[in-house]
Amino acid sequence: MNIILLGPPGAGKGTQALRLVEERGMVQLSTGDMLREAKDSGTEMGKRVAEVMARGDLVTDEIVIGLIREKLEGDNGGGFIFDGFPRTLAQADALEALMVEMGQPLDHAIELQVNDEVLVGRIVNRAKEAAAAGKPVRADDNEESLRTRLMAYYKQTAPLIGYYHAKGLLRGVDGLASIDDVSAEIGDVLG
Ligand code: AMP
């Protein structure tokens with residue numbers, strides 16, 4: 001089973017992906033994590049995307065599709081969880097083509113439904129918690145970048161909700177519920 005987790009920044013995609021990895025042996029494919037890794041290891045591509053990411057804008061489709069293509073060739077364990085990908089219609093089309101090529105199904109696009117006020121609170125909190133624990137704070141976890149990230153979400157990513165609805169793959173989950181309850185709802189979808 002291969003699934004997409006859809007939702008704005010701070011909706012809880014990463015948290016839920018981690019649960020699915022632990023509980024079902026699925027494989028998380030987070031393009032955000034891959035890009036941060038590239039940035040931290042100082043690759044040419046990492047250097048090129050650092051500024052775009054810090055600002056909160058999307059990096060090019062070409063780069064993220066390339067990253068995903070590489071990972072699809074690896075082991076998929078209990079299935080892939082696409083976390084933070086696709087984020088544009090072009091990425092969604094590319095993913096579909098890649099899955100067909102691999103002979104893999106795309107089973108569900110699970111939308112974590114939340115509201116903006118909660119998102120801002122969660123992200124400011126994530127930054128505070130990281131700082132308190134002596135962990136690095138994400139360069140884009142500040143109010144200005146967050147505003148850009150939300151706008152990128154509404155302009156470029158939110159159309160995917162309609163796209164996956166039209167394909168019969170969309171499943172909505174209440175992302176405002178507790179982590180355990182969201183997890184249980186996702187479990188119901190996956191069966
Ligand atoms: P995330 O960790 O998913 O919040 O992603 C952090 C940042 O990485 C985003 O704000 C974008 O700058 C970049 N990014 C991650 N995934 C994608 C994607 N699928 N398409 C374009 N940019 C992305």
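1. Let's start with Lys-13, whose side chain reaches the backbone oxygen of Gly-7 at 2.9 Å. Please keep in mind as you look at this pair that the model is predicted. Lys-13 lies in helix H1, and it counts as buried because its relative accessibility is 10%, which is under the 20% cut-off.

2. The surroundings of Lys-13 are worth a look too. Leaving aside neighbours within four places in sequence, Lys-13 is in contact with Leu-5, Leu-6, Gly-7, Pro-8, Asp-83, Gly-84 and Leu-112. There is also a pairing across the sequence: Lys-13 and Gly-175 are 162 residues apart along the chain, yet their C-alpha atoms are 9.2 Å apart in space.

3. Move along to Gly-14, which also has its place in helix H1. At 31% relative accessibility, Gly-14 counts as partly exposed. Not counting residues up to four places away in sequence, Gly-14 touches Gln-28 and Asp-83. With Asp-83 the separation is 69 residues in sequence and 6.7 Å from C-alpha to C-alpha. Asp-83 is a name you have met before, as it is also among the contacts of Lys-13.

4. Gln-16 is another residue of helix H1, which covers residues 13-24. Is Gln-16 buried or exposed? Gln-16 is buried, since its relative accessible area is 4%, and buried means under 20%. Beyond the neighbours within four places in sequence, Gln-16 is in contact with Leu-5, Leu-112, Ile-179, Val-182, Ser-183 and Ile-186. Leu-5 and Leu-112 also appear in the contact list of Lys-13.

5. From Gln-16 you can cross over to Ser-183, which lies in helix H9, residues 179-190. Ser-183 is buried as well, with a relative accessible area of 13%. Which residues does Ser-183 touch, not counting those up to four places away in sequence? They are Gln-16, Arg-19 and Glu-23.

6. Now to the ligand. The shell around the ligand has 16 residues, and Thr-31, Arg-36, Asp-57, Gly-84 and Gln-91 come nearest. Gly-84 is also one of the residues in contact with Lys-13. By class, the shell is made of 6 nonpolar, 4 polar and 6 charged residues. Helix H2, residues 31-40, supplies the largest share of the shell, with 4 residues.

7. Three polar contacts with the ligand are good places to zoom in. A backbone N or O atom of Asp-57 lies 2.6 Å from an oxygen atom of the ligand. A polar atom in the side chain of Arg-87 is 3.0 Å from a ligand nitrogen atom. The side chain of Arg-138 has an N or O atom that is 3.1 Å from an oxygen atom of the ligand. How much of the ligand's accessible area does the protein cover? On its own the ligand has 480 Å² of accessible area, and the protein covers 96% of that.

8. Ala-54 makes a useful stop elsewhere in the model. This residue lies in helix H3, which runs over residues 44-55. Ala-54 counts as partly exposed because its relative accessibility is 29%, and that class falls between 20% and 50%. Not counting residues up to four places away in sequence, Ala-54 touches Ala-139, Asp-140 and Ser-145. The C-alpha atoms of Ala-54 and Leu-146 are 9.7 Å apart, although 92 residues separate the two along the chain.

9. Stepping back, how many helices and strands does the chain have? The chain has 9 helices and 5 strands. Read from the N terminus on, the elements run β-α-β-α-α-α-β-α-β-α-α-α-β-α. The chain's radius of gyration is 16 Å, close to the 16 Å that the globule rule gives for 191 residues, so the chain is as compact as a globular protein of that length. Along its principal axes, the C-alpha trace spans about 40 × 40 × 30 Å.

10. A few totals round off the picture. Of the 191 residues in the chain, 43% are buried. Among contacts between residues at least 6 apart in sequence, 75% join residues at least 24 apart; the contact between Gln-16 and Ser-183 is one you have already seen. The chain exposes about 9,700 Å², and carbon and sulfur atoms supply 51% of that area.

Methods. Residues numbered from 1 in each chain as written. Predicted model: local features only at pLDDT ≥ 70, side-chain atom pairs only at ≥ 80, totals over all residues. Heavy atoms only, no water. Near = heavy atom within 4 Å. Polar contact = N/O pair within 3.5 Å; in protein donor to acceptor, adjacent residues only side chain to side chain. Areas by Shrake-Rupley, 256 points an atom, 1.4 Å probe, with all protein chains shown as cover. Helix = DSSP H or I, 4+ residues; strand = E, 2+ residues; numbered from the N terminus. Nonpolar A, V, L, I, M, F, W, Y, C, P; charged D, E, K, R; others polar. Buried < 20%, exposed > 50% of the residue type's maximum accessible area, 1.4 Å probe, protein only. Contact = heavy atoms within 4.5 Å. Rg over C-alpha atoms; globule rule 2.2 N^0.38 Å.
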